[in-house]
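Take a moment to turn the picture around on your screen before you read on. We will walk through it step by step.

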Amino acid sequence: MSVVRPFDKLPVLNSAAILLVGTDEDLQRQLAQTILKEKKDFKISIHLATSLPLPAERDHIRPRIDLIVFMINVQSKYGFKNIEASLAHVDANFFLGKVCFLVTGVGRVNHCSVDMSAVRKLGDVYCSPLIFCELELEGIRISTAQRLLRMLQICAGHVPGVSALFFSSLMRSSNDE
Amino acid sequence: MAARGRRGRGAAGGAMDVTVAEFIRRTVLKVPRSHIPALLQAWGFLPAARLQALDVRPLKEAIAEAVVQLCQENSASIKEAAVLDIVYNHTFQNKRVWTVYQMTKATGGETDIFDFTAFKRKFKRRIQSSLINVTINFKEFEDNAIWIRIAWGTSYTKPNQYKATYVVYHSQTPYAFISKSINRSNLPLLCQALIVASNYGDIREMELRSHCLDSLKDIVFKRYSQTFQTHHPKPLQERNVAPENVDPRLIQEDKSEKERIQRVNQEVFGDGPQPKLEFAQYKLETMFKSSPKMVNVSERESFRCLVKFSSPHLLEALKSLAPAGMADAPLSPLLTCIPHKARNYFKIKERKGVLAAGLVSP
């Protein structure tokens, strides 16, 4: 079973790689284009996939993945099941801040097929932040892209003094106090 | 809008029945304004010169009145009005729901050369032997389609011209398309008349219904692009895909999976446009299989459940499910068999003796 590992490859100077996993390809592509348009001072490569595991034949040319973003569309139960199955192919070390869940589609309440408690449980179980965003709206897409870029920089180690482990502070909610 | 009296003949005016005039008026009112000249021309009853002089600029009520006036001058009867109705329904055939019927030859029967006159005579005779108050009209169109219009009455009422049944029959095929009439009690008589007139032995209703008559014809006449099972796998052909100006920083990891989905889709659905159906209905007569915790649900009677898929274009929607990332490819054969089996209404029964669910029954 091929698993994505965070530290099995050497990092490349001044570059970072982000992996977007989700079944909604249009949304994925739009988010990727928005990320590419943002101003950044490092080389970025964006990998798009509908599910894991990633095809083994491209393993040797794939760079080290710094951040995995799972795109959950609340309107598609099929997509959610896909993501749950894909999570098994991610090495446990990734879940120390290098994974986050993007949840879209919550705005259209009538079309929601995935229970919100199931989504929150996923975030809890895998100790990763949930970011709610409506990616169809351009403004939100841009701000999400900026946020992901910042997270990517930190995960790739470009920001001195800050590591991905700090992201657990993103998950502290008012219920915990 | 005050309705004209429908009883009795009009005292003044031409030799045309008031009911006929009203019927023609209402038929013209149903037609969208831009289609009126073409429709009247296809009707072929009014002289061409008068048709050209017809003004289509004013309100539709005025146009309808003008048409009725012209019909008065030419002494239109119910026959011409019925033909106008056929032409209207032929032009706007997709407004009705059509059901497909299949006829089978009696054993030992031969294929005779089709005689339209004999067909009409036999058909009329069979219906009128049971029911006097009917209006039956025929019209043949260019694609060898025979349209039959039947307006039904009872022993003491005149035929209701506004609730007619339409039958489309292609003489070289054993299929008839009947538009769903509200009154089903006349259906056996209609079916009998059809088989008598066309020299067949039996007729049965197929589980195939749709608004789009052409698509129904495509399915039963096998005119859509079908896929044929080839023994050797075809190499993936180059299609005219526009060269993608893909950013090299954007990497599609599962290109091969996408290609597989396209290939499977092509194998299942073929390349051409799919026939247009609006719904598929699955009636489940299977047992409910519950987890041991749910003891309340009776496991002895079947769990009644009806699953209905509806879409403006169902088969195209199914074809795009896997590429859009909403379903696995290949799709369930229950969905993909719709055009091959020529049905969109299914009954799924329990498969006896096997643990797996569901067998599609004929």
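How many residues does the contact take from chain A, and how many from chain B? Chain A provides 20 residues and chain B provides 15 residues. Keep in mind as you look that this is a predicted model.

Let us begin with the area that the two chains cover up. Between them, chain A and chain B bury about 1600 Å², and 45% of that is on carbon and sulfur atoms. On the side of chain A, the residues that lose the most area to chain B are Leu36(A), Leu48(A) and Tyr78(A), which together account for 34% of what that side buries.

Next, look for charged and polar partners. The count of salt bridges between chain A and chain B is three. You can find one of them by locating Glu25(A) and Lys258(B), where the closest N and O atoms are 3.1 Å apart. Across the interface there are also eleven residue pairs in polar contact, both residues being at pLDDT 80 or more. Which elements of chain A give two or more residues to the side that touches chain B? They are α1 (25–37) and β2 (43–49) of chain A. Of the elements, β2(A) gives the most, with six residues. Sorted by class, this side of chain A has nine nonpolar, five polar and six charged residues.

Now stay with β2(A), and follow it across to the other chain. It pairs with strand β7 (residues 250–252) of chain B in the parallel sense, over three bridges. Within that pairing, Ile46(A) has Leu250(B) as its bridge partner in β7(B).

Step back and you will see the sheet that this pairing belongs to. Six strands form an open sheet with parallel pairing, in the order β5(A)-β4(A)-β3(A)-β1(A)-β2(A)-β7(B). Why do β5 (130–132) of chain A and β7 of chain B each have one side without a neighbour in the sheet? Both stand at the edges and each has a single partner strand, so one side of each is left free of a neighbour in the sheet. From one strand to the next, the twist averages 25°.

At the β5(A) edge, the partner is strand β4 (residues 99–104) of chain A, and these two pair in the parallel sense over three bridges. Here Leu102(A) stands opposite Ile131(A) in β5(A).

Finally, find the helix α1(A). It lies across β1 (15–21), β2, β3 (67–73) and β4 of chain A together with β7 of chain B. Relative to β2(A), α1(A) runs at about 180°.

How values were computed
Residues numbered from 1 in each chain as written. Chains lettered and ligands numbered in written order. Predicted model: local features only at pLDDT ≥ 70, side-chain atom pairs only at ≥ 80, totals over all residues. Heavy atoms only, no water. Contact = heavy atoms within 4.5 Å. Buried area = accessible area lost by both parts, 1.4 Å probe. Salt bridge = Lys/Arg side-chain N within 4 Å of Asp/Glu carboxyl O. Polar contact = N/O pair within 3.5 Å; in protein donor to acceptor, adjacent residues only side chain to side chain. Helix = DSSP H or I, 4+ residues; strand = E, 2+ residues; numbered from the N terminus. Nonpolar A, V, L, I, M, F, W, Y, C, P; charged D, E, K, R; others polar. Pairing = 2+ DSSP bridges. Axes fitted to C-alpha atoms, helices over the stretch in contact; angles between N-to-C directions.
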